[in-house]
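The following note sets out numbered comments for a colleague who is examining the fold, the enclosed spaces and a few side-chain contacts. The sequence and structure are shown first.

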Amino acid sequence: MPTLLHQLTVEDLAAAIDAGDDLTIVDTRQPESFEAWHVPDAVNVPYHPIDGLGDGLDWDDVDAIAGSGPVAVICARGLTSTSFGFELSDRGHDDVSVVKGGMEDWSKLYDVVDVDTDSDLFLAQVQRRAKGCLGYVVGDHDAGEAIVVDATRQDHEFELVAADAGLTITGVVDTHVHADHISGGRALAERLSVPYYLSAAATERDVDYEYEPIADGDTLAVGDVDADIIAAPGHTTEQMNLVVDEQYLLSADALFVESVGRTELEFGEGGAAHGAELLYETLHETYAPLSDDVVALPGHVSVDAEGRFGVGRPGELVAATLGELREGLELFRLEKSAFVDRVTDRTTEKPPNYETVIDVNRGRRDLDEDEATGVELGPNNCAV
């Protein structure tokens with residue numbers, strides 16, 4: 001009989017991981033790629049269809065790693081993993097699956113979490129699982145309208161969320177010029193022929209496209225739901241936040257549930273302290289009038305090299321009240337000088353290709369699909 005391989009979609013793989021299924025996940029990429037970023041609980045077995053196994057392994061080692069249970073094989077794009085899967089099957093492993101699209105498709109996997117509101121407000125957090133990017137759909141059920149905030153490159157995901165809720169998108173917002181992922185905001189707005197909003201201060205970023213400027217004190221009305229704009233510089237010059245219905249703070253890259261935004265990506269190492277001072281003022285002065293009961297909904301959640309969220313789990317709401325963060329987040333409790341020192345001294349590895357990503361999001365560079373996929377691979381690194 002011919003050897004048969006099963007095929008898993010990344011959605012299937014995510015469901016198996018979330019359910020804790022008995023599944024050995026083998027990643028056949030080279031060690032440096034694996035160590036930078038991989039699926040939770042995967043084990044690395046470097047393999048090339050021509051050169052064979054790497055890292056000093058032989059097939060007996062592989063048999064021991066694979067065990068007797070089901071195996072899912074993943075690589076960069078689903079090509080090398082197929083060859084490896086056939087090798088496993090030929091060696092007697094009878095439950096071998098290949099992950100369709102590999103890590104490329106894994107990087108485009110989304111979860112949607114509806115926020116439980118007590119009004120006609122519709123609010124959904126759209127999670128890009130592998131990168132930890134968090135965007136939002138904000139709408140009014142009665143009016144049947146919605147705006148999208150911080151859409152990622154797979155902007156159709158946000159369109160589907162609105163459509164499933166019976167809402168028509170009337171505007172698209174980017175809170176700032178992103179450094180870790182290519183925005184889908186402009187593309188979505190153009191396709192739907194609706195306004196694309198960006199901070200009026202984005203002129204300081206030398207942005208090379210037209211947009212509808214919004215500024216501190218403005219309000220975007222979505223039916224009877226108000227999204228009040230507040231300037232929130234620090235991570236970038238032009239960053240803004242939205243206060244929705246006086247109850248929810250879309251805090252972008254100013255404030256995360258587990259950290260705050262880094263400041264050297266725009267300002268550079270020499271200007272990181274200035275950015276940190278601006279960020280401190282955002283947290284302690286701009287946010288001061290906001291109640292402890294206001295729920296902060298950030299623009300990212302940290303994802304480690306093991307593919308795990310820094311807080312919570314994919315498919316669960318990433319959020320905390322301002323009161324919880326003011327009390328429980330150490331960075332929030334520091335005095336200004338200590339805060340600046342911490343933000344500038346304890347930075348993580350920068351987002352991959354962040355300068356290219358910034359140029360694309362400023363409209364200064366175009367990438368084709370393959371190029372865009374390549375520069376986005378890996379988790380976000382926008383937190384201190």
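1. Tyr197 stands opposite Glu212, a residue of strand 14. The model is a predicted one, and this pairing belongs to a parallel contact in which 3 bridges join strand 13 to strand 14 (residues 212-214). Strand 13 also pairs with strand 12 (residues 168-173), again in parallel, through 2 bridges. In that second contact, Val172 lies opposite Tyr196 of strand 13. Strands of a sheet pair through backbone hydrogen bonds, either parallel or antiparallel.

2. Strand 13 (196-199) also contributes to a pocket. It is among the elements that give two or more residues to the lining of the second largest pocket, together with helix 7 (185-192), helix 12 (354-361) and helix 13 (369-376). The largest share comes from helix 7, with 4 residues. The volume of this second largest pocket is about 400 Å³. Of the 24 residues in its lining, Ile182, Ser183, Arg186, Ala187 and Val360 lie nearest the centre. By class, the lining has 9 nonpolar, 6 polar and 9 charged residues.

3. Arg186 deserves a separate comment. Besides being one of the residues nearest the centre of the second largest pocket, Arg186 has its charged end over the ring of Tyr209, at 3.9 Å from the ring centre.

4. Which residues lie nearest the centre of the largest pocket? They are Arg29, Ser33, Ala36, Trp37 and Gly378, out of 27 residues that line the largest pocket. Helix 2 (31-36) and strand 4 (47-48) are the elements that give two or more residues to this lining. The volume of the largest pocket is about 490 Å³. The lining of the largest pocket divides into 13 nonpolar, 9 polar and 5 charged residues.

5. On the aromatic side chains, the structure holds 6 aromatic pairs. One aromatic cluster is formed by Tyr47, Trp59 and Phe84.

6. Turning to enclosed space, how many cavities of 30 Å³ or more does a search of the whole structure find? The search finds 2. Rolling a probe the size of a water molecule over the atoms shows where empty space is left. The largest cavity has a volume of about 40 Å³. Its lining consists of Cys133, Leu134, Gly135, Asp150, Thr152, His176, His178, His181, Asp253, Gly299 and His300. These lining residues divide into 2 nonpolar, 7 polar and 2 charged.

7. The second largest cavity holds about 30 Å³ of space. It is lined by Leu134, Tyr136, Val149, Asp150, Thr175, Leu250, Ser251, Ala252 and Gly299. Strand 10 (133-140) and strand 18 (248-252) are the elements that give two or more residues to this lining. Strand 18 gives the most, with 3 residues. The classes here are 5 nonpolar, 3 polar and 1 charged. Leu134, Asp150 and Gly299 appear in the linings of both the largest cavity and the second largest cavity.

8. Strand 18 is also part of an open sheet of 6 strands, in the order 15-16-17-18-19-20, with mixed pairing. Strand 15 (219-222) and strand 20 (320-321) stand at the edges; each has a single partner strand, so one side of each is left without a neighbour in the sheet. Within this sheet, strand 16 (residues 225-231) and strand 17 (residues 240-244) run antiparallel and are joined by 5 bridges. Asp228 has Val243 in strand 17 as its bridge partner. In a regular strand the side chains alternate between the two faces of the sheet.

9. Finally, some comments on the chain as a whole. The protein chain has 13 helices and 20 strands. Its C-alpha atoms fill a box of roughly 70 × 45 × 40 Å along the principal axes. Why does the radius of gyration agree with that of a compact globule? With 384 residues, such a globule would have a radius of gyration near 21 Å, and the protein chain has 22 Å, which agrees.

Methods. Residues numbered from 1 in each chain as written. Predicted model: local features only at pLDDT ≥ 70, side-chain atom pairs only at ≥ 80, totals over all residues. Heavy atoms only, no water. 1 Å grid on protein atoms, 1.4 Å probe; cavity = no way out; pocket = protein on both sides within 12 Å on 5 of 7 lines; lining within 4 Å. Points joined across faces, edges and corners; volume = space filled by probe spheres on them. Nonpolar A, V, L, I, M, F, W, Y, C, P; charged D, E, K, R; others polar. Phe/Tyr/Trp six-rings, centres within 6.5 Å; stacked < 30°, edge-to-face > 60°. Lys NZ or Arg CZ within 6 Å of the ring centre and 35° of its normal. Pairing = 2+ DSSP bridges. Rg over C-alpha atoms; globule rule 2.2 N^0.38 Å.
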